[in-house]
Protein chains: 2
Amino acid sequence: MIEGHGDDIFKYEGIRLNFSSNVYPKADISPLVEHLKEHLNSIKNYPEPSAKSLEEAIAAKLDISPENVLATAGATEAIYLIAQTLRSWQTFNVKYPAFSEYEDACRLYSYREDVLGNLMWLCNPCNPTGEVFEQSYIESLLQKHRYLIVDQSYEDYTNEPVMTPKEGIKRVNLIQIHSMTKKYAVPGLRLGYITAAVPVIRLLKGNTYPWRLSSIAIEAGKFLLSTQGAVRDMTEYLRQTQKLRFELNALEGLEAYPTKTNFVLCRLKEGKASDLKEFLAKEKGILIRDASNFRNLYAGHFRVASSTEQDNIELIEGIKEYLKK
Amino acid sequence: MIEGHGDDIFKYEGIRLNFSSNVYPKADISPLVEHLKEHLNSIKNYPEPSAKSLEEAIAAKLDISPENVLATAGATEAIYLIAQTLRSWQTFNVKYPAFSEYEDACRLYSYREDVLGNLMWLCNPCNPTGEVFEQSYIESLLQKHRYLIVDQSYEDYTNEPVMTPKEGIKRVNLIQIHSMTKKYAVPGLRLGYITAAVPVIRLLKGNTYPWRLSSIAIEAGKFLLSTQGAVRDMTEYLRQTQKLRFELNALEGLEAYPTKTNFVLCRLKEGKASDLKEFLAKEKGILIRDASNFRNLYAGHFRVASSTEQDNIELIEGIKEYLKK
């Protein structure tokens, strides 16, 4: 799906507050920006063909071997590369609702959907629901499917246990997808990586082409590994998210689902999320994610990422005003 | 092929002069670098999912419709996307010798090689030979094959006529690949585009995924379209290239092939290009492209891009010294 995702801020004028992507909107990205300013001359040469130095840095950080790591131009490239590489397995399934690209990638490579699909896709923590799945559920999927692909893009935004790459690479049929830019709140950069057992990574690398990552992305990735991330106090941020969910759920006409991460899935009991989105964008300069196009969700569903306490209050007030109309 | 391309400068220490990629090595990239410094904050948001604004800018520059344009993360992504999209056509052919990725991309998607392949790949101007093909030859290929894919990455580095996108999009079975970073000598950026008739572009776009280009790449692309390119005086640069070829060809023990672009394919009459490459890298700080891994070329073949007159002289002197050993 090319259109219809969140963070479609380029379509609107005058957006002041962006709750539409699951990225912390108040991050201070200046250390990375300053670092890149010093390294822009790297674009004068071809990048390393396979981003080897970045994969080595990721492996060192995770205490695994570079043979267990494949750097990608964002988690989305990872999803399509996995679907492409494993296409001879022909069947898939997804734990819905979930990020739409798993299904799209499989359909692009002519997979059939099947309850016992050879490829099983799980988003953990789950976009858009905010759930974090139990280890026992993941174990049961590993037993049932030829490959389990777990998209852990939001793993840095939860206090719940999520399987580490070091544990994950011990499973022969587990593929973990990681985002490098969620943690630092720079989704415009396009940077992620896959971790898996050596034979799986070798198979995936055999399906790649040279110079997939720009010199800037490689440089940025190495810098990001040395930093703390965008959110200074994760406990406080997740506490604010719980408060946001509680207050949204208290509104007449709205249901806000429990969340274990930094965003909240909501449902208007009446009316369409697209109308709420238009109202907030035009009247309040606030952007939310109309979530009605997630499979298994409906017209009233929308998703908001948590921001600062003050911004969250503005969001709640804006929604309140819409509901009173 | 991940390893074995040119510009493997990251493998060596102390390289002063880089003739190994076909990119003008003395370009002043500071206007782009300064522009990007001002726009690095764009990484804070997701990029446009399909790089629409960049495609519109490319189309405006070429005087064609955005529906005839697909922006890519470099010419190499374009090659793999084409092979992926058209894989049901099953057979291919390449005018050899040529950039190895056409063949690799087709093999990745299980095409069979066949003289009358449904997909025909042509590199024009040709890497590594420096040839520019006659229009009549291109017409004959358009008649013979279901799709003709012409990689025009070096189109800005020749005085010979090369088909423009405006002409090209009139042919229903022609796909033209363009590089945006060769002209400006910033291969680390990864930016290119495809032009073709509307139904072909639509088919290709249906095989893409969102956010393939970073915010930085999109911003850089729009800036590059407004600039003149890396080489101030193309006539003089190509004249220097002819002089380089003439002087290399005059060396005992060396053949330098005629060229219509900014690089020269050469053949050692005895010995291996890999030995020459090692000698120049280690003794002279000069990097050349060992071209022996191009199909239809042999152990003695190497390729050099033309640089400034002074640097070209240093290259010739270095090779002369090796040949005297």
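Here is a short chat about a predicted model with chains A and B.

Q: Hi! How is chain A split into domains?
A: The domain assignment gives domain 1 (9-27 + 231-324) and domain 2 (44-224). Their C-alpha centres lie 27 Å apart.

Q: And how many residues of domain 1 of chain A are in contact with domain 2 of chain A?
A: There are 20 residues of domain 1 in contact with 20 residues of domain 2. On the domain 1 side, strand 10 of chain A gives the most, with 3 residues. That side divides into 11 nonpolar, 6 polar and 3 charged residues.

Q: Switching to helix 9 of chain A, which residues are buried there?
A: Those are Thr241(A), Leu244(A), Arg245(A) and Leu248(A). Seen down the helix axis, they fall within an arc of 95°, so they line one face of helix 9.

Q: What covers the buried residues of that helix?
A: The cover includes strand 9 (254-256), strand 10 (263-268) and helix 11 (309-324) of chain A.

Q: Which exposed residues does the face turned away from the buried side carry?
A: Thr235(A), Glu236(A) and Phe246(A).

Q: Okay, now the two chains. What turn lays chain A on chain B?
A: A turn of 180°, with a shift of 0.0 Å along the axis, and the RMSD is 0.0 Å. The copies are thus related as by a two-fold rotation axis.

Q: Nice, which C-alpha in chain A is nearest the axis?
A: That of Lys37(A), 2.8 Å from the axis.

Q: Why say that the copies meet through the same surface?
A: Because 100% of the interface residues of chain A are also interface residues in chain B.

Terms used. Residues are numbered from 1 along each chain as its sequence is written. Chains are lettered from A and ligands numbered from 1 in the order in which they are written. This is a predicted model: local features need pLDDT of at least 70, side-chain atom pairs count only at pLDDT 80 or more; totals for chains, interfaces and linings use all residues. A residue is buried if 20 or more other C-beta atoms lie within 10 Å of its own, exposed if 12 or fewer, and partly exposed in between; C-beta atoms are placed from the backbone. Helices (H or I, at least four residues) and strands (E, at least two) are DSSP runs, numbered from the N terminus. The arc is that of the directions from the helix axis to the C-beta atoms. Two residues are in contact if their C-beta atoms, placed from the backbone, lie within 7 Å. Copies are superposed by least squares on the C-alpha atoms of residues with pLDDT of at least 70 in both. Domain bounds come from an automatic or database domain assignment. Ala, Val, Leu, Ile, Met, Phe, Trp, Tyr, Cys and Pro count as nonpolar, Asp, Glu, Lys and Arg as charged, and the others, Gly among them, as polar.
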